[in-house]
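Work through the exercises below with the sequence and the structure side by side. Try each task before reading its solution.

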Amino acid sequence: MRFVLAILILAGCHPSSSCGVKNIVHVDPSTIALDSGSIHGTVAADGSRAFLGIPFATPPVGARRWMPPAAVERWPAVREATARGHACVQLDGDTMRADSDEDCLTLQVWTPPGDGFGLPVMVWIPGGAFIEGGGGLGLYDGAKLAARAHAIVVTLNYRVGAFGFLALPGQPHPSLGLLDQQAALRWVHRNIAAFGGDPMVVTIFGESAGAWSVCAHLVMPGSRWLFSRAIMESGACADPLYFDRATADAQGRALTAALDCTDLACLRGKSAEAVLRALPGRRGYILPPGAWWGPVIDDDLPAQPLELLRAGKGANVPLLIGWNRDEGTLHTIRFSKVEPGELAQFVGEGWGARAPEPMIANHAGATPKDTLTDLITDGAFACEARRVARVLTAQHVPVFAYEWTHPLDDPQAHHLGATHSVELWFVFGHGDMGVELSAAEHPLADIVMDAWGAFARRGDPKTPALPWPAYDAGKDELVVLDTTPSVAAHVKADSCDRWDAVSAH
C-alpha cells in the first residue's frame with residue numbers, strides 16, 4: 001500500500017483527496033497472479049514475503065520421464081504456496097530420500113521487507129554433485145539474504161542423477177537437469193515482475209554442482225539473455241563432471257542393461273528406486289569405479305564450457321568466482337584410507353594422462369588420502385577458478401575473485417577448516433543442519449550478503465566495508481573472505497601454474 005500512496009503523491013494527489021479515483025483497491029500482498037494462476041504465500045511481520053513450492057514446469061512423471069520440461073497447466077483456484085515442494089528423486093545413503101519425488105519441478109521466492117519495484121533478482125542453483133540436493137533445503141531459506149541485499153531471492157529444484165542426466169544412443173537432450181534450470185529461469189523472466197523483481201537484472205548463483213551449472217549456462221545458447229550476472233562458488237568450467245557423449249551413452253547402456261531394458265519405454269515402467277539403485281555409485285561420490293552423473297556435451301551444451309569461453313562464445317556477463325581454502329577436507333572425511341591406485345586413477349581421469357605422476361610426486365611423504373585432499377582443493381576448485389578468471393578477463397569480461405578462509409566456529413564443523421560449502425552459512429545468513437553461526441560470525445555474514453547484493457544490483461561486489469578489486473591476471477588479486485576481509489595477490493600461484501601446465505583443458 002505504501003507504494004500506491006507514493007505514486008499518488010508523486011502524481012500530485014494527496015491521499016486524503018479522491019483525485020477522481022472512486023475506489024482504491026487494497027491489494028493483498030500475500031496473493032500473486034502468475035501466468036499459470038494465482039498463489040497465496042505468507043507475509044512476515046516486517047512485510048517480507050515467502051512463496052514456496054511453486055510449480056515452474058509439468059511434473060516429469062510416467063510418459064514424461066526423461067523428457068524436457070514442459071509448461072505448467074493453469075490452475076483455476078488460488079494455490080497455496082506455503083510449503084516447500086519435494087526434492088527431486090534421490091537416495092539418502094542406502095534408502096530413498098523421504099521428501100523426494102518425481103513431481104519436483106518447483107521453486108521458492110522470497111521478497112524483502114517493504115514495497116519494492118524493479119528489484120534485482122538472485123536465482124540460486126543448488127549443489128549436490130548432480131546426484132542429490134534441492135532448492136528447498138533449509139540452509140537455502142532466502143529471507144535474510146533478500147532483506148539484506150534488498151533483492152528477490154529464488155531457489156529452484158532440478159532433476160539429478162539418472163533422472164536428470166541419462167544419455168542413450170540417439171536420445172536428444174540428455175542434460176535434462178540443465179534444461180529444468182533453464183525452464184525455471186524462463187519462469188522468472190515471465191513472472192518475477194509480479195513479485196517486484198526486474199526480469200532484466202537477474203543473477204544466477206550456485207555452489208559446487210550449482211556453480212558447474214552456472215558455468216554451463218554461461219555458454220548454453222538456450223540460456224542466453226535469461227540472466228545478466230553470475231556467481232560461481234566452488235565450481236569449475238572444465239572437469240569430468242561434464243561428460244562427453246560417448247562416455248555418457250556407455251553409462252546409459254549400462255543402466256538399461258542392469259534393469260533388463262533396451263529403451264526408454266521399459267525404463268519408464270521401472271520404479272524410481274530401481275533406477276537409482278541400478279548402478280553402484282562412486283565411493284564418496286568421487287573415487288572410481290562407479291556411476292557418476294552430470295551435464296552431457298550435446299546440442300544443448302555444445303562443448304566443454306571452458307573451450308567455449310576461450311572461443312568467445314560465453315554470455316560475457318560480470319562474474320564473481322571463488323573457492324574455499326580447504327575444499328578437499330569435506331570430500332575425503334569419510335575415507336578411512338585411499339589406495340595409491342585409486343588416487344592415480346582419480347587424478348588421471350580428471351586432468352588427463354600427463355597429470356598423475358607430476359602432481360602426485362609433489363606430495364612425496366604424504367598419505368594418498370592427504371594428497372587427494374590437497375589435489376581436490378587446488379586441482380578441482382582453486383586453480384580451475386583462476387583459469388576461468390584469466391580466460392574471461394582476457395576478453396574484457398568483469399571478473400571478481402575470492403578465497404574463503406574462515407572455518408565455521410561451530411565445533412561440529414570447525415575441524416574441517418574452510419572446507420567445501422561453509423560459505424553458504426554466510427551467503428544466506430543463518431544456520432542449518434545443527435550448525436549455527438556464532439555471534440562473532442554475524443558481521444561476516446552481513447559483509448558477504450552486502451557484497452553479493454551489490455553484485456546483483458550493479459555487477460560489482462564493492463561495498464563501503466569491502467573494497468573489492470576487479471581481477472587482473474597480472475596483479476592476480478583477490479579478496480580473502482574471513483572475519484577481517486583483506487586483499488591478497490598471487491594466492492596459490494605456484495600450485496596453479498603447475499596445474500595449468502598439466503591440465504587437459
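Two elements are in contact when they have heavy atoms within 4.5 Å of each other. An angle between two elements is taken between their N-to-C directions and runs from 0 to 180 degrees. The model used here is predicted.

**Exercise 1.** Find the strands that helix α5 lies across, and state its angle to β13.

Solution. Start by locating α5 at residues 209-219. The helix lies across β11 (119-125), β13 and β14. Its direction makes an angle of about 130 degrees with β13.

**Exercise 2.** Place these strands in their sheet, and name the strands at its edges.

Solution. Step one is the strand order: the open sheet has 11 strands, arranged β3-β4-β10-β12-β11-β13-β14-β15-β16-β17-β18. Its pairing is mixed. Step two is the edges: β3 (42-43) and β18 (486-489) each pair on one side only.

Strands of a sheet pair through backbone hydrogen bonds, in a parallel or an antiparallel sense.

**Exercise 3.** Describe the surroundings of β11: which strands pair with it, and is it enclosed or open?

Solution. First, take β13: it pairs with β11 in the parallel sense over 6 bridges, and Leu 119 stands opposite Gly 197 of β13. Next, take β12 (residues 152-156), which is also parallel to β11 and shares 4 bridges with it. Here Met 122 has Val 153 as its bridge partner. Between β11 and β12 comes helix α2 (residues 143-149), and the three make a right-handed β-α-β unit. Last, count burial, where buried means under 20% relative accessible area: 7 of the 7 residues of β11 are buried, so the strand is largely enclosed by the rest of the structure.

**Exercise 4.** Follow the sheet from β13 to β14: how many bridges join them, and which residue is the partner of Thr 203?

Solution. Strand β13 covers residues 197-207 and β14 covers residues 229-233. The two run parallel and are joined by 5 bridges. The partner of Thr 203 is Arg 229 in β14.

**Exercise 5.** Compare the span of helix α13 with its expected value, then locate its kink.

Solution. Helix α13 (residues 368-393) has 26 residues. The expected span is 1.5 Å times one less than the number of residues, which gives 38 Å for α13. From first C-alpha to last, α13 reaches 36 Å, close to that value. A kink of about 35 degrees is centred on Cys 383. As for covering, 21 of the 26 residues of α13 are buried.

Notes
Residues are numbered from 1 along each chain as its sequence is written. This is a predicted model: local features need pLDDT of at least 70, side-chain atom pairs count only at pLDDT 80 or more; totals for chains, interfaces and linings use all residues. Side-chain values use heavy atoms; hydrogens and water are left out. Two strands pair if DSSP finds at least two bridges between them. The bend at a residue is the angle between axes fitted to the seven residues ending there and the seven starting there. Buried means under 20% relative accessible area, exposed over 50%, partly exposed in between (1.4 Å probe, protein chains only). A crossover is right-handed if, with the strands pointing away from the viewer, the path from the first strand over the helix to the second runs clockwise.
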